[in-house]
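Explain how one strand sits among its partners in this structure, and then what surrounds the ligand.

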Amino acid sequence: MTAAPVRDGGGDLPAAVRTRGLTKRFRQQTAVGGIDLEVPSGAVYGFLGPNGSGKTTTIRMLLGLISATSGSIEVLGEAMPGGASRTLRRVGALVEGPAFHPYLSGRANLGRLDAADPHSDARTAPARIDAALDRVGLLPAATKRYRAYSLGMRQRLAIANALLVPRDLLVLDEPTNGLDPQGTREVRHLIEELAADGTTVLVSSHLLSEVDQMCTHVGVMFEGKLLTQGLLSDLHATTAQTVRVDTDRTEDAAAVLRTLGLTDVRLRDDHVTALLGEVAIEKVVPELVNDGVPVLGFAVLRPSLEDVFVSLTGEGFDVSG
Ligand SMILES: Nc1ncnc2c1ncn2[C@@H]1O[C@H](COP(=O)(O)OP(=O)(O)OP(=O)(O)O)[C@@H](O)[C@H]1O
């Protein structure tokens, strides 16, 4: 398996994150095996991979929480860890959720965390805290106790904590983990809004549909390797298209599709699907009709991210969790 060429969508701006040969070994185990990550400025970059594929380890290296075994890291154009303290002020992170006090309000919790930050300016804290609460839609619930917050509100508060000072890059590790569908939607919308304001977002996830819905770019991790990365639309386009033929003569339709050279032909009660491969799409319907197969419907299906993943790894994506 070779990684697809890297697309640089960042224009004149330096990439928000660029690594070369980034590697982390824990004793015998290589958790991250020489990855070249490229997160263009302005992207919502979905860092996708099954559990244990190395996403958190990579993120921890980017943020200087653990050291790399080898390789290089640039964040916002600065080599790390060289420019770390200055640069990391411009990076908001949600890796392990901050420890919130259940009996304090959302606002008071942010106040405590801000006061614990040696770089923060106490004089501007009230305004910054309310701006962050407003940004994540929690200003109306600012005085509620944390323990009364829903799961989605708790996670939005954690993101507000990452936004207490202006950020150029947000790094969110599995921000929807453990959330119910409503909470997941809230966090996803928030990420989309932050991105619309110009913040680059690197968000890790093991949820394919989530990445599909909110990201412009995607990097696919598998067993410590970055299998591919680039624009999500390019990734979809490079994966074989599936066609669907609705017919009451599925056996006959399947035979025609196989003869034409389509592969992975699957029969259902009232339709057949198959991978188009190199076959010219305009040939399919005429050939079916020529052979007397009644075509009641015909569609080209956009490959799902799961199709992309399967085509890259030859394995299904474990969507548990
Ligand atoms: N501190 C550590 N010591 C030893 N092994 C570790 C350590 N941290 C991570 N690993 C191992 O490195 C591999 C990658 O883990 P990592 O947490 O980066 O994966 P992940 O893709 O983030 O998965 P998850 O979504 O489950 O967090 C795993 O096999 C894990 O057991």
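In this predicted model, strands β13 and β14 form a hairpin, with three residues between them. β13 covers residues 263-267, and its pairing with β14 is antiparallel, through three bridges. Within this pairing, threonine 263 of β13 stands opposite leucine 275 of β14.

β14, which spans residues 271-275, also pairs with strand β12, residues 242-246. Here too the strands run antiparallel, and five bridges join them. One of the partners across this pairing is valine 245, which is bridged to valine 272 in β14. β14 therefore has β12 joined to it by five bridges and β13 by three.

How do the residues of β14 divide between a covered face and an uncovered one? Val272 and Ala274 make up the covered face, while His271, Thr273 and Leu275 lie on the uncovered one. In a regular strand, side chains alternate between the two faces of the sheet. Two residues already met thus fall on opposite faces of β14: Val272, the bridge partner of valine 245, is on the covered face, and Leu275 is on the uncovered face.

The ligand is the next topic. It is surrounded by 13 residues, and the closest of them are Phe26, Ala31, Asn51, Thr56 and Thr57. Two elements, β2 (29-35) and α1 (55-62), each supply at least two residues of this shell. Which of the elements gives the most to the shell? That is α1, with three residues. By residue class, the shell around the ligand holds nine polar residues, two charged ones and two nonpolar ones.

Methods: Residues numbered from 1 in each chain as written. Predicted model: local features only at pLDDT ≥ 70, side-chain atom pairs only at ≥ 80, totals over all residues. Buried ≥ 20, exposed ≤ 12 C-beta atoms within 10 Å, placed from the backbone. Helix = DSSP H or I, 4+ residues; strand = E, 2+ residues; numbered from the N terminus. Near = placed C-beta within 6 Å. Nonpolar A, V, L, I, M, F, W, Y, C, P; charged D, E, K, R; others polar.
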